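Visitor: I'm new to this one, so could you walk me through it? I'll ask as I go.

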Amino acid sequence: MTTVKQKQIFSLLMAMMMVLSLCACGQGNAPAAPPASPPAESGGSPAPKPEGPATITLTDNVGRQVELPCPVERCAVALRYTNELIRACGAIDKVIAVDLNTAQDRDYWGMFDPGQVIGKSQRELDYERIIQLAPQVLILPSNGSYEEAAEKLAPFGIQVFVLSGYDTAGFASQCEVIGKMFGVEEQAEKFCSYFTEKLDYIHRQLEGVEPRTYYYEGNTDYTTALPGDYFYDMFRLAHGQSIFADAAGVSAGQVDPEEVIRRAPDVIIKIITPDKARTGTGLYEPPEKAQFARSCQDIQARPGWQDIPAVKNGDIYLMTQFSHGGACKLVGTMYAAKWLYPDLLPDLDPDEVFRAWLEDFQGFRNIEGHFYAAGELK
């Protein structure tokens, strides 16, 4: 009896195993179902999905939307003004290479070796060196060769972002972009607020005031800035009225000296570049005072210029290429406003602004000798 029952049980087990085997074959290579999530009341939750690298999409100065790592840890920058903005916002340690126009200033940019630069300027780039350094992003201004750079660097995964550190009108937006790009929003906001508060004060004090006229002259004699130029914006924010606002009497920035006499500016402001600096650039160390004096004397001695109000009244002012460009040229704006309206801006101290710019935001010792009035050069 026992033997019969054992045989029956054995037959039943064999039949069940065959059925299970057939079911398994019918499923083919279908993957096994994932384990069910624990019920909500047990406190369980689905396993988190693995995340890729964080990115951020930012709009640059020419309207391009660029996806970047967030935050950027390695970038190359070809423009001194942009490097200054990045340093003021607290992210200069993320800059691994610069252009020669920046690196030439060993006092101010000693952390960048001139032998390791990425080109002479924003228009003359060493793409082989950039690729070797492998930054995550190359930052160029809008007057740089950014379209060519984007095409040549795309195969190597290097993004190109346009940020123009000389763009006076875009100061606040550029600070915001730098803050987001490098994850330094708090310091960028602190830096931005310092200058925008000064601009707000100028606007309040000069609202409704008849603007005084000025003649701005660049490094090259008899050259000026016209509407649409970043230098023009520097003086516009100072509430000055350019004698060449209509662009008449000017060809490619070159002015007719007779037109300056005829338009009789209230103030003349001249830019100086040290003799030993690369053309069109500035240095932390200012030129010798004698160079300022020679330039001022030249203006005073120009035929017929003795009758210009600015010359008769001693309202001739000189500032260096290095100094005026700080904070998107807003350092220059502060000096221009004070020179134009000395009695209407009692709480504006441009010397203190320049000190704060160098010491508080650039981490350097304040240095005198970048700004002079004609009366100080006799």
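Visitor: Let's start with helix H2: why is it largely enclosed by the rest of the structure?

Guide: Keep in mind that this is a predicted model. Helix H2 covers residues 80-88, and a residue counts as buried when its relative accessible area is under 20%. Charged residues such as Arg 80, Glu 84 and Arg 87 are among the buried ones. H2 is largely enclosed because its buried residues number nine of the nine.

Visitor: And just after H2, which residue takes a positive phi?

Guide: Move just past the end of H2 and check the backbone there for a phi of about 90 degrees. The residue with that positive phi is Gly 90.

Visitor: Is Asn 101 buried or exposed?

Guide: You'll find Asn 101 in helix H3, which spans residues 100-103. Its side chain makes a polar contact with the side chain of Arg 278, at 2.7 Å. The relative accessibility of Asn 101 is 18%, and the cut-off is under 20%, so Asn 101 counts as buried.

Visitor: Now for the charges. How many residues apart in the chain are Glu 73 and Lys 94?

Guide: These two form a salt bridge, with their closest N and O atoms 2.8 Å apart. Glu 73 sits in the loop between strands S2 and S3, while Lys 94 is in the loop between H2 and strand S4. That pair links distant parts of the chain, and the separation is 21 residues.

Visitor: What about Glu 217 and Arg 302: how far apart in sequence are the parts they tie together?

Guide: Their side chains meet in a salt bridge at 2.9 Å, N to O. Glu 217 lies in strand S7 and Arg 302 in the loop between helices H10 and H11, so the pair ties together parts of the chain that are apart in sequence by 85 residues.

Visitor: Which residues are linked with them in a network of salt bridges?

Guide: Both of those residues are buried, Glu 217 with a relative accessible area of 1% and Arg 302 at 3%. Linked with Glu 217 and Arg 302 in the network are Asp 221, Lys 270 and Asp 298.

Visitor: Last stop, helix H14. Which residue there forms a salt bridge with Arg 355?

Guide: Look three residues away from Arg 355, about one turn of the helix. The partner is partly exposed, with a relative accessible area of 34%, and the closest N and O atoms of the pair are 2.9 Å apart. That partner is Glu 352.

Methods. Residues are numbered from 1 along each chain as its sequence is written. This is a predicted model: local features need pLDDT of at least 70, side-chain atom pairs count only at pLDDT 80 or more; totals for chains, interfaces and linings use all residues. Side-chain values use heavy atoms; hydrogens and water are left out. Buried means under 20% relative accessible area, exposed over 50%, partly exposed in between (1.4 Å probe, protein chains only). Helices (H or I, at least four residues) and strands (E, at least two) are DSSP runs, numbered from the N terminus. A polar contact is a pair of N or O atoms within 3.5 Å; within protein, one must be able to donate a hydrogen and the other to accept it, and residues adjacent in sequence count only if both atoms are side-chain atoms. A salt bridge is a side-chain nitrogen of Lys or Arg within 4 Å of a carboxyl oxygen of Asp or Glu.
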